Amino acid sequence: MKKIIIAAAVAVIAVAATAYASPYYALHQIKTALAERNAEALATHVDFPAMRASVKAQLEASMARSIAATAGSDNPLAALGQSIASAMLGKMVDTMVSPAGVVALVNKSAVGPQASDTADGPADGARKKAGYSASYAGVNTFVVRAKDGNAQEGALVLLRHGVWGWKLSSIEIASAMAGR
């Protein structure tokens, strides 16, 4: 009887430990897909409908703030311009949030690997390693931020899918990038 209780306790601990470590493994798989520039492998770790909704909401909010700041909230032409821009924004986001587009977005975010094949990169081909911190923001939410923890730098948000599965569901766009 003791052996059964010990085996059950060990099994419960093993399941809990693997469930806790699962987002770190998913993050490792995402980093590997990015390093290999493998859009198909990355696509298996991305929840595209949630990602599209997140990016669209952030860009629409940024656009609304920009229009309100420049044209004022009383201007009827500003509202017309915002509605036209929102319609175009939807199609742009649908195109941008695709497997190839997500590779480009994550590479431009603060926590993605930096491109080393540019003209201003090091001559020896060494890559600058991006510093980041990864932690749970809730039972079903895992957030990856720049190491300094500055919310202005952007973040990657993974949401739980099942017990061990995690998918990239949102990119918190850095304020400088969202304002462009």
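Two strands pair if DSSP finds at least two bridges between them. I wrote that down before opening this predicted model, and then I went to the sheet.

**Entry 1: a pair of strands**

I looked up S3 and S4 to try out the rule. They pair in the antiparallel sense, over seven bridges. One of these links His 161 with Gly 165, its bridge partner in S4. I then followed the chain from one strand to the other and found a hairpin with three residues between S3 and S4. Gly 162 sits in that turn and has a positive phi of about 85°.

**Entry 2: the whole sheet**

In what order do the four strands stand in the sheet? I read off S1-S2-S3-S4, in an open sheet with antiparallel pairing. Why is one side of S1 and of S4 left without a neighbour? Both stand at the edges and have a single partner strand each, so there is nothing of the sheet on their other side. I also noted the twist, which averages 25° from one strand to the next. Helix H1 packs on this sheet and touches S1, S2, S3 and S4. The direction of H1 makes about 140° with that of S1.

**Entry 3: stepping back**

I wanted the full list of elements next. The protein has six helices and four strands. From the N terminus on, I read α-α-α-α-α-β-β-β-β-α. Of the 180 residues, 29% are buried. I also checked contacts between residues at least 6 apart in sequence, and 53% of them join residues at least 24 apart.

**Entry 4: the core**

Which residues touch the most other members of the largest nonpolar core? My list reads Met 51, Val 55, Leu 158 and Leu 168, out of 25 residues in that core. Helices H1, H3 and H4 and strands S2, S3 and S4 each supply at least two residues. H3 gives the most, with six. I picked Val 55 for a closer look: beyond four places in sequence, Val 55 touches Val 93, Met 96, Val 97 and Ile 173.

**Entry 5: Leu 158**

Is Leu 158 buried or exposed? The relative accessible area of Leu 158 is 1%, and buried means under 20%, so this residue counts as buried. I found Leu 158 in strand S3. Setting aside neighbours within four places in sequence, its contacts include Ala 26, Ile 30, Phe 142, Val 144, Trp 166 and Leu 168. Asn 140 is also in contact with Leu 158. These two are 18 residues apart in sequence, yet I noted 8.3 Å from C-alpha to C-alpha.

**Entry 6: Ser 170**

I moved to strand S4 for Ser 170. Its relative accessible area is 13%, which is under the 20% limit, so Ser 170 is buried too. Which side chain joins that of Ser 170 through a polar contact of 2.7 Å? I found Ser 54 there. Beyond four places in sequence, the contacts of Ser 170 are Met 51, Ser 54, Gln 58, Ala 155, Leu 156 and Val 157.

**Entry 7: helix H4**

My last stop was H4. This helix has 21 residues and reaches 30 Å from its first C-alpha to its last. That is close to the 30 Å expected at 1.5 Å a residue. Which residues of H4 are buried? I listed Ala 78, Leu 89, Gly 90 and Val 93. Val 93 was already in my notes, as a contact of Val 55.

Definitions and conventions
Residues are numbered from 1 along each chain as its sequence is written. This is a predicted model: local features need pLDDT of at least 70, side-chain atom pairs count only at pLDDT 80 or more; totals for chains, interfaces and linings use all residues. Side-chain values use heavy atoms; hydrogens and water are left out. A nonpolar core is a set of buried Ala, Val, Leu, Ile, Met, Phe, Trp, Tyr and Cys residues joined through side-chain atoms within 4.5 Å. Buried means under 20% relative accessible area, exposed over 50%, partly exposed in between (1.4 Å probe, protein chains only). Contact means heavy atoms within 4.5 Å. Axes are lines fitted to C-alpha atoms, for helices over the stretch in contact, and angles run from 0 to 180 degrees between N-to-C directions. A polar contact is a pair of N or O atoms within 3.5 Å; within protein, one must be able to donate a hydrogen and the other to accept it, and residues adjacent in sequence count only if both atoms are side-chain atoms. The expected span of a helix is 1.5 Å times one less than its number of residues.
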